[in-house]
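Student: I have a structure to read and would like some guidance. Where do we begin?

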Amino acid sequence: MIPAAFEYFTPSTVDEAVALLRDQPDAKVLAGGQSLMPVLRLRLAAPETIVDIGRIGELQGVRDDGDALVIGAMTPHSTVQADPLVGEHARLVSLATATIADPQVRHRGTFGGSLAHADPAGDLPAVAVALDASFVIAGPDGRRTVAAADFFEGVFSTALAEDELLVEVRVPKYTGWGAHYEKFNRVAQQWSIVAVAAAVRLDGDSIAEARVGLTNMGSTPIRASAVEAALVGRPATPEAVREAAALAADGTSPVSDLNGDADYRRHLASVLTRRAVLSAAGTG
Amino acid sequence: MTTTEARPTAEVGNPRRRKEDARLVTGRTRWTDNIVLPGMLHLAMVRSPFAHARITAIDTEAARAATGVIAVLTGADIADEQGALPNAWAIVPEQKAPVHPSMAVDHVAFAGEIVAMVVARNAAEANDAADLIDVDYEELPPVLDLRQAATDSSLAHPDLGTNVSAVWSFDSASAGTGGDVEAAITAARDGGILIEKEIRQQRLIPAFMEPRSIVVDPTPEQMTVWSSTQVPHFVKIFIALVLGIPESKIRVIAPDVGGGFGGKLQFTPEEVLTVIAARRTGKPCKYSESRSESLMAAHHGRDQWQKLTLAATNDGDVTGLKVELIADMGAYLGLVTSAIPLLGAFMYNGIYKFPSYHLKCTNVFTNKTWTDAYRGAGRPEATFAIERLMDELAAKVGADALAIRERNWIKHEEFPFATVAGLKYDSGNYEAATAKARELFRYDELRAEQLKRRESGDPVQLGIGVSTYTEMCGLAPSRWLGSMGYVGGGWEHASIRMLPTGKVEVITGTSPHGQGHETAWSQIVADRLGVGFDDIEVLHGDTQVAPRGLDTYGSRSLAVGGMAVLAAADRVIEKAKPIAAQLLEANVDDLEFSGGRYGVRGTESGMTMAELAFAVFQGHKLDGSAEGCLDADATLDPEDFSFPHGTHLCAVEVDTETGATSIRSYVSVDDVGVVVNPMIVEGQVHGGLAQGIAQALFEEAVHDESGTLVSGSFVEYLVPSSADLPSFTTARTETPSTTNQLGVKGVGEAGTIASTPAVVNAIVDAVRHLGVSDVPMPCTPYRVWKALQEGAQS
Ligand SMILES: Cc1cc2nc3c(=O)[nH]c(=O)nc-3n(C[C@H](O)[C@H](O)[C@H](O)COP(=O)(O)OP(=O)(O)OC[C@H]3O[C@@H](n4cnc5c(N)ncnc54)[C@H](O)[C@@H]3O)c2cc1C
């Protein structure tokens, strides 16, 4: 199908983009287009204005900022996946990004677009929540920073106002942590039915710190705090991890669909959490 | 002009790269949607969102006033003009069917049915205007479940008075092909093995790569129609019959076509409507469907419910099979919708020697997209049923799955074999194919590993699935088709033109859409006429170039169309003989033809085909005693079907914690008779396996309770990619067919037919010891997991 007609702008700075979002009627940001274009082509949405942020240089790339990495919103998945800084300090991000769709989609789809889109089955939101990332947002009144835990509000809904732009995401460094993203789907290009993002820091044989995020176990990504708490101070053995992982579905509210009902998803959450944590700890 | 040297070695059997691939894989060719004509208008369709409704009003005013709009047409506007879409196969004389309009007039019977169309200057304007059309519907209760449909408790077409289109049955006792199945069942119940099983063959979507597209150029002299179709010859005839345009004024061209899988074996509403739009506006018109429209409204496949009763002795000798099936036609009958279950009805006995067989098939209407041919068309359903049953029988007897099959199958020395279903199997060697598959698969080693994993309680269990299949290829002897109620024939036609420059044009009535006929037909002709492979051009898919033909489907092209090509080549050789005799000043009886040359026996004197073609072109030296033309035509009606077969073995790993299945290894040994091009055969097998595995694991057209297609995009309708499939081990045995000159069979559908039961058998085999004896298709992780939960409880 062909999208309904729209006005099309290509700002070259964040300020210009924000001004367009404020001044133009019914404006929508276009990043990599991998989620927005299908919506437009199916005419599920017909915004009057499209603000293409693909030519704003400052939204591109990954940089080291002391105790955190800063990933520009327009950085394509393929760049994030291959970036050595991300590999070293936020390996969970590289691993989860590598599971997204296929090379074509990863070359066009962006880090910021995935987070702003806030699909419950998207892979990066759970990672951002698990890693306590923070979101730098530009609006008509300047910039503000929102914690990952507060950014995701519901299905396709975030703390971003209509005239705001996600500029970059700050991911604290997890240098030396083990990480694993355990994604469960039926075909390689499919979105997650359930997935678990896990990062652990070992102290000898036991787990000193753990971060666990769940994908598609509710309308927003979920931090499996009960699992994290149960893991700390325990040895990274299959038995100990199994016990902690049994708590993964606590407080979740997954959907039922063609791929499985809520009970099945809860069951998967604990199986996948066990596998993710053991792999992250290198004992899986 | 020079011609290349004829290859010394035979072309048939040579794994040549396909001539057509360079243009197909680079896309540098004409797909219908690429065609742009001066002044061309574009169509957009408005489709019903409801599965069953009455149309109470359509407001087209805003659309008519929109920018660029030339015309807006509703069903009421074209009611007198559009005629009805044809069904070409009445499986019983009293078959019932609703009138099938291209555009609904006052009643819609499935979600996706066309209710209006816009003709505009460009596609975007057509789409914009289509959005402005306001249709009022009065919703009616949709009939969605095929078993419920059979009870007539609610009607898909209230005017028809019933949902039942036809009931067809076969009984071996009354047909004289075997005994009484009820007696076999009674005996098994008293002291033998009786297996009863219900199987749901889920609805599938052909999902060809190129969505359907049509361009119509109406001029007073000719209506030229380009269509992404498998059947240009059918389309031509039906445009004439349905729209009253003289057949001689219609030219249908299927340019390169990006796949069909049976899904483009159809005469479509969109074709009729594009012709109507062109005729009304007098301008070229184009319609190209979106992927969503394609998934929703192009015909679907499978969708049957099977109730099976297998009777056997305690030793595992099958004594009878009874099949009751209900087949979902969807909302209407397409070209051969009603006959799809019939094409399987003769294959339920598979490769086995059953003494008795009974089948009853009930065709019903529902408020879903109409179904029709999809790769295998009836035979996958039949093969799945019998191959699943054979595994269940093995489990009951406590025998090995291969051993139980061998006990029952037709031995190679018993061919030709008259089956209990009334067919004559030409040839086969099930022992050879199975032995080879067993070895390649390392069957015994895998069985040992399976046992180990069972004993250790490994969370990942190993299963081995067997499928020993046969199928009927080469659709079809016209007499057989006629006896079954089909209005058309099953012959094929070919022409060969010997050009003055030494080149050869082969014109075929088959219509390839990915199969590689240009290459394979060239190989056949190169060998027969002794001309170079590269000097042969194969033309097809244009009713003006290839006026006679019945197109491509049902694994018929080589066994029927290829043999017509061979027959035409033989006529060329025959026609050349008196001419050669005259020019060589020899007696006809002293001539012999070999290596592309007529020689005078015992002398050096002779002429090549190229020399003869040039001499005929000049005509200077011909004395008029023989016709001065080498070109020849041939129509061939196949003597009988051919029956390829094979043994497929599949090893799966089932993760009992998540229910996920992954295929660890897959071995196929196919016997498709004599092979013209091994590389093409391998390609067909790979693609076929992928589609058959897709039915087992991934694909299903799902509707919600209102009749909306939930799996309406590739996000939900999961077509596997190479990343989701194992590396296949493919091999062949070669038992020539006895029903055609070259001994070829067919391979277009074999992989699809064989692989589905191999995978499901493997899954059940992996978890049978955990209390699972079946998993409905597609065997999603969720369903496998649920079956394991239930197995643990029982
Ligand atoms: C076949 C396919 C498979 C996929 N599989 C997966 C998968 O397995 N896992 C997964 O996580 N994703 C998957 N995706 C989605 C992919 O990751 C997309 O890239 C992502 O969802 C959207 O990113 P984008 O850059 O394409 O954004 P767009 O499509 O351009 O935009 C998406 C939404 O975010 C808004 N937006 C984008 N950037 C900003 C910004 N900087 N500020 C404010 N709003 C913004 C847009 O307005 C729009 O509403 C898949 C996509 C496809 C096509």
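Tutor: Start with terms: helices (H or I, at least four residues) and strands (E, at least two) are DSSP runs, numbered from the N terminus. This is a predicted model: local features need pLDDT of at least 70, side-chain atom pairs count only at pLDDT 80 or more, and totals for chains, interfaces and linings use all residues. Residues are numbered from 1 along each chain as its sequence is written, chains are lettered from A and ligands numbered from 1 in the order in which they are written, and side-chain values use heavy atoms, without hydrogens and water.

Student: Which element gives the largest share of the shell around the ligand?

Tutor: H7(A) does, with four residues. Each of strand E2 (27–30), helix H7 (111–117) and strand E10 (165–172) of chain A supplies at least two.

Student: Which backbone atoms lie close to ligand oxygen atoms?

Tutor: A polar contact is a pair of N or O atoms within 3.5 Å; within protein, one must be able to donate a hydrogen and the other to accept it, and residues adjacent in sequence count only if both atoms are side-chain atoms. Here, polar backbone atoms of A:Val29 at 2.5 Å, A:Gln34 at 2.7 Å and A:Ala31 at 2.8 Å each face a ligand oxygen.

Student: How do E13(B) and E14(B) run?

Tutor: Two strands pair if DSSP finds at least two bridges between them. E13 (residues 301–312) of chain B and E14(B) are antiparallel, with nine bridges. B:Thr309 stands opposite B:Lys322. Five residues separate the strands in a hairpin.

Student: And how does E14(B) pair with E15(B)?

Tutor: In the parallel sense, over nine bridges. There B:Lys322 stands opposite B:His358.
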